[in-house]
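Me: Please take a close look at the interior of this protein, and walk me through how its parts come together there. I would like a connected account rather than a list.

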Amino acid sequence: MRIIAGTARNRRLQAPPGLTTRPTAQRARQTLFDMLMHAPWFGRDALEQAIVLDSFAGTGALGLEALSRGAQFATFMEGSRPGIAALQHNLQACGMTQRARLRHCDVTRPPKAPQPHTLIFLDPPYHKGLVQKGLRALWRAGWVADGALIIAETESAPLTPDGKEPEEPFQPFHAHLLPSLTALPPPLLAQRSFGAASIHIWRHDNSVTGTRPPLPL
């Protein structure tokens with residue numbers, strides 16, 4: 001696995017041993033960053049001004065690709081020690097140590113943010129509801145800027161907890177609203193599927209308010 005473009009182009013990335021890390025496929029990463037560079041809702045200037053959060057970072061491929069293409073700064077969150085070791089190696093190999101911060105933590109229980117971040121990647125293990133748990137926790141801790149672009153990778157065919165039947169398809173959600181509140185989901189800016197994986201992109205909006213569902217008669 002390598003960085004695709006930018007100042008660290010072709011630098012090889014080290015993956016931690018075992019199956020706990022599932023890096024975003026290189027083809028999916030290239031398609032994603034092609035969209036980010038050219039989309040009317042983002043673009044090259046926005047990427048180069050971005051403060052990036054790569055949560056459930058694993059190899060750090062998403063955050064490192066953003067840094068290689070000019071993003072200002074990136075924070076990488078990873079819960080495993082082998083993952084942190086791989087991240088340290090990859091940051092040094094790509095020459096990005098001065099523009100990055102590592103946080104060894106559980107994304108669902110993050111530390112308080114030193115500043116809000118404007119480009120949020122979530123690529124957690126599948127079938128555990130970690131996009132929802134992680135993004136809500138990150139918002140409560142101050143990591144998600146108002147207007148931040150959210151990019152979440154999920155399974156293409158979600159399963160129920162018993163692994164037998166498909167769940168409802170993933171929908172974007174408002175991280176600042178309690179699940180008990182009703183609101184229209186945020187507009188989906190883009191969605192792409194790559195085999196077992198789907199990528200969903202939307203923008204966080206703190207101004208959205210929810211309503212409580214009526215009590216049953």
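Reply: A residue is called buried here when its relative accessible area is under 20%, and exposed when that area is over 50%. What follows describes a predicted model, and helix α3 is a convenient place to enter it, since by that cut-off 8 of its 8 residues are buried. The buried residues of α3 are not confined to nonpolar types: Ala61, Leu62, Gly63, Leu64, Ala66 and Leu67 are listed together with Glu65 and Ser68. Just after this helix, Gly70 adopts a positive phi of about 115 degrees.

From there the view widens to the core itself. In soluble globular proteins, nonpolar side chains tend to be buried together. In this model the largest nonpolar core has 38 residues, and those with the most contacts inside it are Leu32, Phe76, Leu119, Phe121, Ile151 and Ile201. Helices and strands both contribute, with at least two core residues supplied by each of α1 (26-38), α3 (61-68), β2 (73-78), α4 (81-93), β4 (117-122), β5 (144-155), β6 (188-194) and β7 (197-203). The largest share, 6 residues, comes from α1. A second core, separate from this one, has 23 residues and includes Ala113, Val131, Leu138 and Ala141.

Phe76 shows how the largest core connects to the entry point, for beyond the residues up to four places away in sequence this ring residue touches Gly63, Leu64 and Leu67, three of the residues listed as buried in α3. The other contacts of Phe76 are with Asp54, Ala57, Gly60, Leu87, Leu91, Ala100, Arg101, Leu102 and Arg103.

Leu64 also leads to a polar residue of the interior, Asn90, which lies in helix α4. Asn90 counts as buried because its relative accessibility is 0%, and its side chain makes a polar contact with that of His89 at 3.3 Å. Leaving aside neighbours within four places in sequence, Asn90 is in contact with Leu64 and also with Arg12, Leu13, Gln14 and Thr59.

The aromatic residues add a further set of links, for the model holds 4 aromatic pairs. In one of them Phe33 and Phe121 are tilted, 6.0 Å centre to centre with 40 degrees between the planes. Phe33 belongs to helix α1 and Phe121 to strand β4, so this pair ties together parts that are 88 residues apart in sequence. Phe33 is buried, with a relative accessible area of 0%, and Phe121 likewise counts as buried at 0% relative accessibility. Another tilted pair is made by Phe170 and Trp202, at 5.9 Å centre to centre and 45 degrees between the planes. Because Phe170 sits in the loop between β5 and β6 while Trp202 is in strand β7, this second contact ties together parts 32 residues apart in sequence. Phe170 and Trp202 are both buried, and ring pairs link them with Phe173 into a cluster.

Finally, the cysteines deserve a word, since the model contains 0 disulfides. Cys94 counts as buried at 7% relative accessibility, and Cys105 does so at 13%.

Definitions and conventions. Residues are numbered from 1 along each chain as its sequence is written. This is a predicted model: local features need pLDDT of at least 70, side-chain atom pairs count only at pLDDT 80 or more; totals for chains, interfaces and linings use all residues. Side-chain values use heavy atoms; hydrogens and water are left out. A nonpolar core is a set of buried Ala, Val, Leu, Ile, Met, Phe, Trp, Tyr and Cys residues joined through side-chain atoms within 4.5 Å. Buried means under 20% relative accessible area, exposed over 50%, partly exposed in between (1.4 Å probe, protein chains only). Helices (H or I, at least four residues) and strands (E, at least two) are DSSP runs, numbered from the N terminus. Contact means heavy atoms within 4.5 Å. A polar contact is a pair of N or O atoms within 3.5 Å; within protein, one must be able to donate a hydrogen and the other to accept it, and residues adjacent in sequence count only if both atoms are side-chain atoms. Rings of Phe, Tyr and Trp (its six-membered ring) pair if their centres lie within 6.5 Å; planes under 30 degrees apart count as stacked, over 60 as edge-to-face and the rest as tilted. A disulfide is a pair of cysteine sulfur atoms within 2.5 Å.
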